[in-house]
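The following exercises are to be worked with the sequence and the coordinates at hand. Each task is followed by a solution in steps.

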Amino acid sequence: MNSDTKSLDPLFIRGLFPAGLWEWAFFENAGGSYVPKTVIERITAYMSENQVQPGDYFPGASKAFERVNTSYELMARMIGAQPNEVVIGPSTSFNVYVLANALRPLWDDDSEVIVAIQNHEANSAPWRRLSETGIKILDWPVLPDTGSLDIKVLENLLSNRTRLVAFPHVSNILGAINDVCSITTLAHKAGAQVCVDGVAWAPHRAIDVKNWDVDYYAFSFYKIFGPHMGCLYGKHEHLLAAKNQAHYFFADDDISHKLNPAGPQHETIAALQGINDYFETISRHHFDPPPNDILTRQKSMFTLIAEHEERLASMVLAFLKTKPNLRLFGPLESSKSVRVPTFSFTVEKKTSSSIPKTLAKKGIAVSNGHFYAKRLLDSMGILDANDGVVRISMAHYNTYEEIEHLIKEMDYIF
Ligand SMILES: Cc1ncc(COP(=O)(O)O)c(C=O)c1O
């Protein structure tokens with residue numbers, strides 16, 4: 001118990017992961033985060049003790065059911081939802097693809113969907129593909145210099161034919177936070193729903209779907225310290241209405257089955273409890289006593305995380321700003337209300353691919369490319385999208401010392 005701690009204790013947190021990981025200064029968190037021991041233990045326990053079909057047929061099956069079911073409960077409550085409002089499928093890309101197909105039969109042929117160019121392709125392609133069935137797709141463009149979304153532009157795109165607006169809560173390239181409440185309110189006024197990609201938000205801030213009033217919200221567990229899975233939240237009445245995409249005998253209210261034609265991956269769903277174990281351990285270490293309610297606990301923990309990440313971000317940003325030969329994309333401020341600690345840039349007369357290779361020789365992990373937000377890079381005039389941008393993305397377990405190491409090595413290169 002660490003009742004006096006007013007700021008995040010990353011050294012304690014690092015002790016919750018396999019020790020060998022910290023040999024690298026890891027800044028590729030936006031690609032996928034590290035996994036704490038609790039998650040590894042949960043998946044191992046499931047596979048070694050309960051790798052049977054969940055049910056109530058015999059004790060092993062009942063235990064398997066309980067483990068899977070508890071994960072559903074916890075993951076739903078963690079984001080302020082009910083278990084019958086979440087689908088846990090193989091990935092966000094998959095979940096949004098299924099959702100788009102499940103909603104299409106509910107829409108008239110003259111319907112329109114507005115898709116933000118800032119999206120990762122996961123929240124873009126599935127909607128765009130509906131154009132093959134007569135749906136009109138309208139692009140919500142970005143401002144080419146900054147890559148940011150302007151809500152006034154959206155206002156002009158909305159009409160009584162708009163069925164849905166698909167946009168990211170946070171850009172996985174820019175780190176910029178979009179105003180999810182204002183965008184949702186505006187879409188609702190026009191009678192449209194929203195599908196928000198929360199993948200790049202979820203590792204950095206608490207999710208509160210009811211407070212935001214979003215219709216659909218998608219995020220991926222492997223970016224929030226868990227296994228390779230995706231979660232799709234939807235308001236219960238919307239998911240009830242969505243058309244079955246799986247076996248014909250699933251009832252309309254059997255949401256987790258009808259919207260996951262892949263079928264549930266039991267051991268990885270069971271492992272999601274390990275994410276909750278991890279967050280609980282962090283909360284117990286920093287708060288005495290920790291909040292009882294899971295969503296309140298998430299909010300207080302992520303407040304500490306956001307403050308720590310803001311400090312990391314301000315160190316990186318202060319350095320990047322001193323380099324005139326570098327084009328930084330996204331907000332030029334580090335405030336936690338404006339951005340998460342993900343930075344993307346290009347460097348004059350250097351390929352982006354050369355930089356991760358050089359840093360890797362010094363034990364620093366970053367990466368380059370378009371990170372499946374190719375439309376955004378194209379809009380910002382990046383001619384070779386495959387070489388793309390260099391991306392440095394931090395998580396709460398990164399330390400000041402790691403940032404100092406990164407800055408020192410980057411200073412030799414730029
Ligand atoms: C912002 C964003 N959205 C969606 C995805 C896709 O998630 P998944 O791999 O679960 O399909 C990613 C993956 O990098 C992402 O960064």
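Helix axes are lines fitted to C-alpha atoms over the stretch in contact, and angles run from 0 to 180 degrees between N-to-C directions. Helices (H or I, at least four residues) and strands (E, at least two) are DSSP runs, numbered from the N terminus. The model is predicted: local features need pLDDT of at least 70, side-chain atom pairs count only at pLDDT 80 or more, and totals for chains, interfaces and linings use all residues. Residues are numbered from 1 along each chain as its sequence is written, and side-chain values use heavy atoms, with hydrogens and water left out.

**Exercise 1.** Determine how helix 13 and helix 16 pack, and which residues make the contact.

Solution. Begin with the axes: helix 13 (residues 294-320) and helix 16 (residues 400-413) pack at an angle of about 15 degrees, and their axes are 10 Å apart. Helix 13 is therefore roughly parallel to helix 16; angles under 35 degrees count as roughly parallel, over 145 as roughly antiparallel, 65 to 115 as roughly perpendicular and the rest as oblique. Next, the handedness: the two helices, 13 and 16, cross in the right-handed sense, that is, the near helix is turned clockwise from the far one by less than a right angle. Finally, the contact (heavy atoms within 4.5 Å) involves H308, R311, L312, M315, V316, F319 and L320 from helix 13, and Y400, I403, E404, L406, I407, M410 and D411 from helix 16.

**Exercise 2.** Establish the strand order of the open sheet of seven strands, and identify the strands at its edges.

Solution. Two strands pair if DSSP finds at least two bridges between them. The order is 2-8-7-6-5-3-4, and the pairing is mixed. Strand 2 (86-89) and strand 4 (136-140) each have a single partner strand, so one side of each lacks a neighbour in the sheet. From one strand to the next, the twist averages 15 degrees. For a parallel pair, take strand 5 (residues 162-168) and strand 6 (residues 193-197), joined over five bridges; F167 lies opposite V196 of strand 6.

**Exercise 3.** Is strand 8 buried or exposed, and which strands pair with it?

Solution. Buried means under 20% relative accessible area, exposed over 50%, and partly exposed in between (1.4 Å probe, protein chains only). In strand 8 (residues 230-234), five of the five residues are buried, so the strand is largely enclosed by the rest of the structure. In a regular strand the side chains alternate between the two faces of the sheet. Here G230, L232 and G234 point one way, while C231 and Y233 point the other way. Strand 2 pairs with strand 8 in the antiparallel sense over four bridges, with I88 opposite C231. Strand 7 (residues 216-220) is also antiparallel to strand 8, over five bridges, and A218 has L232 as its bridge partner.

**Exercise 4.** How many disulfides are there, and why does C231 form no bond?

Solution. With a disulfide defined as a pair of cysteine sulfur atoms within 2.5 Å, the count is zero. The nearest cysteine sulfur to C181 is that of C195, 16 Å away. C231 forms no bond because its sulfur is 12 Å from the closest cysteine sulfur, in C195, which is too far. As to accessibility, C181 is partly exposed at 31%, whereas C231 is buried at 0%.
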